Structures are given as C-alpha cells and as structure tokens.
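Here is a structure to explore at your own pace. Please work through a few exercises on it, each with a solution that goes step by step.

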Amino acid sequence: MNFVDTYIKPVGKFLFQRYYCNKFFRESRIRSRQGQLIKTNYNRAAEKIIVFLVPGADRYTGKDIISGGVLSIASLYNETVNCKAEHRAEVLMCTFPGEPLLLQHTNFANNIVVYSFSQVSRYFVSLQNLVLHIPEYLAVHFEGRLNKEQKSFLNKIPVFHINILNQNIHLMPSRPVIQSLEQLATKVTVTTAHKKYCNQEWRRAFNVPLHHFSTFASPERYSYVNYADKENILLFSPDDAEKNAHVGKLLEEKIPGLKTRVINGLTYEEYKKLIGRAKWCITFGEGLDFYFIEPVFSGSVSFAIYNDKFFTTSFKELKTVYSSYESLAEKIAETIIELDSKDVYTRYNKMEFDLCADQYSYTRYQQNISAFYQGHYTYP
C-alpha cells in the first residue's frame, strides 16, 4: 500500500460521501418546508400564475449568492405582487430548472420564499395562463434544462408567456435562441433594465415586443450622506481584479491617507452602509450599474469608463466618466484631489445625482411594471 492508497483516497472518499450526505439532508429539509409553504400560500386550482426564475444555491455551500441581478428580480417580484389588480395572478419565485434548491435569499432583507420549478409544475393543476420571467443569461439554457414532466406541464397551458429579463445587453441570447423560445411559448417578450438598449433598433433585432422596466434604484431608497460625514475611502466594484489592483497602487502612491477596498463578501445592508461612508467608488463593470448609481444616491462620487451600450450620451459630460481605461488610470488621482473639498465635491455629486435621478424614478419604474402586465409595451 502506498501513501495515496493508504491516506489520500480514504480521506477523499470520506469528504465526497460527507458532501453528498449533507446535500441530501439539506435539500430534503428545503423540499419539506417548500411543500408546506406552497400549500399555505397558494391555491392549487389557480388559473394564472407569474413566476420569476433565479439562480439556485451555491452547489458546494448551499448558500445563496447576492448580485445586482438577483436584487433586481426580487424588486420586480415585490412590485408584481403589489400590482395584482392589473394581472390578477398568483406570484412565485423559483430556482431555475436543474439548479440546487434554495428556500430564501439571506444576503438582503426580504420575505420571499423560493420554490423549485418542479414543485410548481406538479402543484398547480388548473393553469390556463403562465407568465415566466427568465434572466437573459439563463434563457439559452431553459429548454435544455426541462425534464419530460416539466415540458408536458408547459405544453398543456393555453397561454404561456416567456419574458426575458434583459438586465445586461451583453448577456442577451441570440435571435435563434429567442426563436426557439417562441416555439415553446405562445408569446415571448423582452424587458430592459437600461433605457439605452430599449429602442426601435433592438426591437427589430429581437423581433419580439420590447418594454422598458428600469430598476429599483432611485434616490428615495438610499440614505444620503454629506461630504462632512464621509470617510476618505475609495471602493472598487468586484468586476476586474487586475484593474482594481493597478489603480489602487497608483492612488496609494499619489494620495497618502486614501483607503481603498474592493466591495465583496457583504450583505446588501452592509454594502449600503459602506457606500454611505465612502467618498469615492469606481466600477469596472457595465459602467452605468449599481456600483455607479447607488453610491451617487448615497452622496458619493462615482467613476467609470464610458460604455455606449449602457450610458446615455449625457453622462459624457462627467469628468469621472472616462473614454478609456488608460484615460482613467492617468487622470483619476488628479480628479480626486481636485474634487476633494466640500463645495466642489457637493456640486459635482449633484451633477451625477441629477443625471442618475433623471434615468431612475421609482414612480416611473412602478408605472412601467404595471403597463407590462396590461400589455402596454414600449415597443409592441
């Protein structure tokens, strides 16, 4: 017997068995609780339901993963519940077919129960109408993840409406994928988070009705912190570790006393408190994303690289929205030093604030959602 056979393989086998044992008992508990809750909360004979699909739990830890996309879907779910007068349907959130089970998201405050799609397909026996919201990056996998029972369930529903949640235009499925979904459903639509890619050009490209939702980000949802109460902290979005490290090093050399931190490992409430404390935030993601908008609404100054797929042209006026990464790396220290006084900082934040507030209104967001369920689309 060698070392591997004597020690390594038995340990590996033990860990493998322990992982699957824990997974089995965890998912058994979740299934049992989901079964109780769906009977309590929903009428089995309901004729119309609206379902939001979300990613499942982490395959190894069983924990949920927070992201802007999940927060957006949770907000859409809540607003959909609130406009029941328009759609007259039961509203559920489910894990995407084939994903590990999840009972509830724990990284942000909510009371949404997450069911499995299999459970929904077995529970409702009189469905006449289903509206299914699918995140854009998962749409390409939807049909392939369905088992025979789920396909049979969907085929029996007279009105089956798939809506693709286009929260990031770069992640949208191709036109052939949308066409395959049109074969599966009686109706397919696309809804957008950003105004920039809700237009007639994209309506023609997708060749299905296109409607603008916007997002839940709007000024009244954040605690505004004045310059005097800020700390000299600069935050990085977690999108690009290499750029974060490079810019962080440049700033440490040029601005002594500036603290830098990558946003990671926080609950949503912890994150909101952090962006309230910080003076500055840099996003290397889409540009006009939550890491740009939410700090601005919290009284901070945000930096980004201009991305014409997300920003409207009005954001080109901002000196903290750069034409390229090279330009940002060259000028950001100088810009921070220039803005770092009460009056200049406050005036500049107001410029960013007004531009973002013009794009993101909570009242318009609610109106857009209500219009969708009434069939009043931006581009029918």
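The exercises below look at a sheet, its helices, the open and closed spaces, and two single residues in a predicted model.

**Exercise 1. Work out the strand order of the open sheet of five strands, and find its edges.**

Step 1. Start with the order, which reads β9-β8-β10-β11-β12, with parallel pairing.

Step 2. Now look for strands that pair on one side only: these are β9 (259-262) and β12 (321-322), the edge strands.

Step 3. Walk through the pairings. β8 and β9 are joined in the parallel sense over four bridges; here Ile233 has Lys259 in β9 as its bridge partner.

Step 4. Go on to β8 and β10, which also run parallel and are linked by four bridges. Glu231 is partnered with Ala278 in β10.

Step 5. Then take β10 (residues 278-282) and β11 (residues 301-305), a parallel pair held by three bridges. In this pair, Trp280 stands opposite Val301 in β11.

**Exercise 2. Find which strands helix α12 lies across, and which strands helix α13 touches.**

Step 1. Locate α12 at residues 290-297. This helix lies across β10, β11 and β12, and runs at about 160 degrees to β11.

Step 2. Locate α13 at residues 325-339, where it packs on the sheet. The strands touched by α13 are β8 (231-236), β10, β11 and β12.

Step 3. Check the direction of α13 too: it makes about 165 degrees with that of β11.

**Exercise 3. Describe the largest pocket: its volume, its centre and its lining.**

Step 1. The volume of the largest pocket is about 820 Å³.

Step 2. Its lining is made of 35 residues, and those closest to the centre are Ser67, Gly68, Gly69, Phe290 and Tyr291.

Step 3. Ask which elements give two or more residues to this lining: they are α2 (68-82), α5 (136-139), α11 (268-277) and α12. The largest share, six residues, comes from α2.

Step 4. Sort the lining of the largest pocket by class, and you get 20 nonpolar, ten polar and five charged residues.

**Exercise 4. Do the same for the second largest pocket.**

Step 1. This pocket has a volume of about 270 Å³.

Step 2. Of its 15 lining residues, Asn78, Phe108, Ala109, Arg221 and Tyr268 are the closest to the centre.

Step 3. The elements giving two or more residues are α2 and α11. With five residues, α2 gives the most to the lining of the second largest pocket.

Step 4. The classes here are seven nonpolar, four polar and four charged residues.

**Exercise 5. How many cavities of 30 Å³ or more does a search of the whole structure find, and what lines the largest cavity?**

Step 1. The search finds one such cavity, and the largest cavity holds about 80 Å³ of space.

Step 2. There are 13 residues in its lining; Leu76, Gln167, Ala193, Phe213 and Ser214 are the closest to its centre.

Step 3. At least two lining residues each are supplied by α2, β5 (159-166) and β6 (187-192).

Step 4. By class, the lining of the largest cavity has six nonpolar, seven polar and no charged residues.

**Exercise 6. Is Phe290 buried or exposed, and which residues does it touch?**

Step 1. Place the residue: Phe290 is in helix α12.

Step 2. Compare its accessibility with the cut-off for buried, which is under 20%. Phe290 counts as buried because its relative accessibility is 12%.

Step 3. List its contacts, leaving out residues up to four places away in sequence: Gly68, Ser72, Thr215, Phe216, Ala217, Tyr271 and Pro295.

Step 4. Link this to an earlier exercise: Phe290 and Gly68 are also among the residues closest to the centre of the largest pocket.

**Exercise 7. Is Leu266 buried or exposed, and what are its surroundings?**

Step 1. Leu266 sits in the loop between β9 and α11.

Step 2. At 16% relative accessibility, Leu266 counts as buried.

Step 3. Apart from residues up to four places away in sequence, Leu266 touches Ile66, Arg261, Tyr271 and Leu274.

Step 4. Finally, compare chain and space: Leu266 and Asn107 are 159 residues apart along the chain, and their C-alpha atoms are separated by 7.8 Å.

Methods:
Residues are numbered from 1 along each chain as its sequence is written. This is a predicted model: local features need pLDDT of at least 70, side-chain atom pairs count only at pLDDT 80 or more; totals for chains, interfaces and linings use all residues. Side-chain values use heavy atoms; hydrogens and water are left out. Two strands pair if DSSP finds at least two bridges between them. Contact means heavy atoms within 4.5 Å. Axes are lines fitted to C-alpha atoms, for helices over the stretch in contact, and angles run from 0 to 180 degrees between N-to-C directions. On a 1 Å grid over the protein atoms alone, a cavity is a set of points where a 1.4 Å probe fits but cannot get out, and a pocket is an open set with protein on both sides within 12 Å along at least five of seven lines; lining residues have an atom within 4 Å of a point. Grid points are joined across faces, edges and corners, and a volume is the space filled by probe spheres set on the points. Ala, Val, Leu, Ile, Met, Phe, Trp, Tyr, Cys and Pro count as nonpolar, Asp, Glu, Lys and Arg as charged, and the others, Gly among them, as polar. Buried means under 20% relative accessible area, exposed over 50%, partly exposed in between (1.4 Å probe, protein chains only).
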